[in-house]
Amino acid sequence: MANLLSIAEAQRLILERAQALPAETVVLEEAAGRVVAEAATAEIDLPPFASSAMDGYAVRAADTPGRLPVVARIAAGRPAAEELSSGAAMGIATGGVVPAGADAVVPVENVVEHGNEVEILAGVEAGTHVRPRGGDLGAGEVVVAAGTTLTPARLGALAAAGVSAVRCARRPRAAVLPTGTELRRPGEPLGPGEIYEANGLILSAQLRAAGADVEVLPAVGDDEAAHRAALEQALAADLVVTSGGVSVGPHDLVRRVEAELGVEEVFWRVAVKPGKPLAFGVRGGTLVFGLPGNPVSALVGFELFVRPGLRALEGATDPLPRFERGRLTGGPRPQSPERDELVRARLSSSKAGATLEPLAGQESHMIARAAAADALVFVPRGEGELADGALVDFLRLA
């Protein structure tokens with residue numbers, strides 16, 4: 001289809017214009033899900049001392065096998081007061097400091113205890129069950145690289161390495177603006193031809209889950225003055241997402257009003273189903289996305305285009321969607337000759353791996369049916385069909 005961008009080309013144009021926001025210092029307790037702007041390095045060796053990997057006895061490997069007196073007992077956090085002398089052992093707990101003079105730990109189950117002596121029946125090598133100082137990471141080494149998202153495990157690694165705060169890109173401010181005279185808030189009575197507004201909730205939830213601070217503006221009717229006032233307010237944000245009003249009908253005002261407000265349109269229309277009439281532009285550093293009004297089109301457009309733009313603002317080094325591989329079930333799937341399609345599907349696991357069963361009712365207005373989907377299956381454009389059992393790429397829905 002003429003003048004339609006591919007998904008990859010549209011994503012490239014978005015990422016070319018998305019610059020990471022300025023960095024700020026964030027304490028670890030508030031950093032979950034944030035993207036590190038500057039590499040965070042260890043304050044200490046990790047572990048900071050040679051420690052025992054087992055409950056047992058610290059010994060000199062040269063003294064094994066043998067029968068050794070137990071001259072001290074070491075608890076975690078309470079190092080031995082003196083060096084281990086030759087021909088002796090010290091009881092030690094997991095995580096305890098291996099005393100000077102010792103070079104191995106014999107697990108308690110591998111000794112025979114005789115009062116205040118232990119009999120070690122087999123010889124051990126130096127280093128056995130000893131976690132060396134700095135064996136995980138040395139002081140000054142990178143714990144988390146710039147552009148990395150802070151998961152719970154990464155936060156734990158930072159804390160263990162003595163890091164109390166990190167530099168992260170400022171949290172993006174996003175504005176969501178639903179458009180359409182027909183829209184009403186849930187709970188209000190519906191008049192003839194009216195529908196309940198759902199896109200604002202869908203998009204704000206997606207944005208918050210992706211790390212943005214979100215303002216949802218009241219839906220505006222098909223009126224130029226109302227559009228202009230709402231869009232001017234929205235454009236103060238780092239990222240703007242509108243829903244509806246980006247097609248070619250007489251009441252589709254968004255793109256024209258945005259142009260009047262200084263938004264440079266980068267592209268309009270993408271070869272994707274659902275969501276073809278998607279628009280993207282910029283004003284200064286603000287990214288401006290115009291998504292179609294059908295709820296499923298908005299959901300898909302967010303995952304393919306808005307989320308990568310948002311992640312780039314956050315400083316992520318790899319902001320594009322992460323597709324996985326699975327097998328299609330439920331019969332063959334026809335391909336569109338002109339557009340790639342994202343098919344809503346139910347995801348399940350088997351011994352053979354992930355399986356994807358497309359849902360009935362793929363029309364872009366069917367948000368209730370789409371609510372049962374766990375994944376979006378990528379069906380590339382073509383003249384044929386994907387066979388039942390074909391390997392496909394899919395994107396998990398959060």
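How are helix 3 and helix 6 oriented to each other, roughly parallel or roughly perpendicular? The points below take up this matter and then turn to the sheets and the empty spaces of the structure, which is a predicted model.

1. Helix 3 and helix 6. Helix 3 comprises residues 199-209, and it packs against helix 6 at an angle of about 25°, with the two axes 10 Å apart. Angles under 35 degrees count as roughly parallel, and helix 3 and helix 6 are therefore roughly parallel to each other. The handedness of their crossing is right-handed.

2. Helix 1 and helix 6. Helix 6 also has helix 1, residues 7-17, as a packing partner: their axes come within 9 Å and cross at roughly 30°. Helix 1 is therefore roughly parallel to helix 6. Here, too, a right-handed crossing is found where helix 1 passes helix 6.

3. The sheet that contains strand 4. An open sheet is built from 6 strands, and the order across it is 7-4-6-5-9-8, with mixed pairing. Its edges are formed by strand 7 (104-107) and strand 8 (111-114), each of which pairs on one side only. Between neighbouring strands of this sheet the average turn is 40°, with direction ignored.

4. The partners of strand 4. Strand 4 covers residues 56-59 and runs antiparallel to strand 7, to which it is joined by 4 bridges. Two pairs of opposite residues may be located in the model: Val59 faces Ala104 of strand 7, and Gly56 faces Pro107 of strand 7. Strand 4 is also joined to strand 6, residues 89-92, through 3 bridges, and these two strands run antiparallel. In that pairing, Tyr57 has Gly91 of strand 6 as its bridge partner.

5. The sheet that contains strand 13. Another open sheet of 6 strands follows the order 16-13-17-21-20-18, and its pairing is mixed. Strand 16 (213-216) and strand 18 (264-268) each have a single partner strand, so one side of each is left without a neighbour in the sheet. From one strand to the next, the twist averages 20°. Within this sheet, strand 13 (residues 173-178) and strand 17 (residues 239-243) run parallel and are joined by 5 bridges. Ala175 provides an example for inspection, as it stands opposite Val240 in strand 17.

6. The largest pocket. Rolling a probe the size of a water molecule over the atoms shows where empty space is left. What is the volume of the largest pocket? It is about 720 Å³. The lining of this pocket consists of 27 residues, and those nearest its centre are Thr149, Arg307, Arg311, Leu320 and Arg322. Sorted by class, the lining of the largest pocket contains 10 nonpolar, 7 polar and 10 charged residues.

7. Helix 6 at the largest pocket. The helix discussed in the opening points appears again here. Helix 6 (295-313) and strand 28 (391-396) each contribute at least two residues to the lining of the largest pocket. The largest share, 3 residues, comes from helix 6. Helix 6 thus may be traced both in its packing with helix 3 and in the lining of the largest pocket.

8. The second largest pocket. The second largest pocket holds about 440 Å³ of space. It is lined by 24 residues, and Thr179, Glu182, Gly244, Gly293 and Asn294 are the closest to its centre. The classes represented in this lining are 9 nonpolar, 11 polar and 4 charged residues.

9. The cavity. How many cavities of 30 Å³ or more does a search of the whole structure find? The search finds 1 cavity of that kind. The volume of the largest cavity is about 40 Å³. Its lining is made up of Gly33, Arg34, Val35, Ala169, Arg170, Arg171, Pro172, Gly211 and Glu314. By class, 3 of the lining residues are nonpolar, 2 are polar and 4 are charged.

Methods: Residues are numbered from 1 along each chain as its sequence is written. This is a predicted model: local features need pLDDT of at least 70, side-chain atom pairs count only at pLDDT 80 or more; totals for chains, interfaces and linings use all residues. Side-chain values use heavy atoms; hydrogens and water are left out. On a 1 Å grid over the protein atoms alone, a cavity is a set of points where a 1.4 Å probe fits but cannot get out, and a pocket is an open set with protein on both sides within 12 Å along at least five of seven lines; lining residues have an atom within 4 Å of a point. Grid points are joined across faces, edges and corners, and a volume is the space filled by probe spheres set on the points. Ala, Val, Leu, Ile, Met, Phe, Trp, Tyr, Cys and Pro count as nonpolar, Asp, Glu, Lys and Arg as charged, and the others, Gly among them, as polar. Two strands pair if DSSP finds at least two bridges between them. Axes are lines fitted to C-alpha atoms, for helices over the stretch in contact, and angles run from 0 to 180 degrees between N-to-C directions. Angles under 35 degrees count as roughly parallel, over 145 as roughly antiparallel, 65 to 115 as roughly perpendicular and the rest as oblique. A crossing is left-handed if the near helix is turned anticlockwise from the far one by less than a right angle, and right-handed if clockwise.
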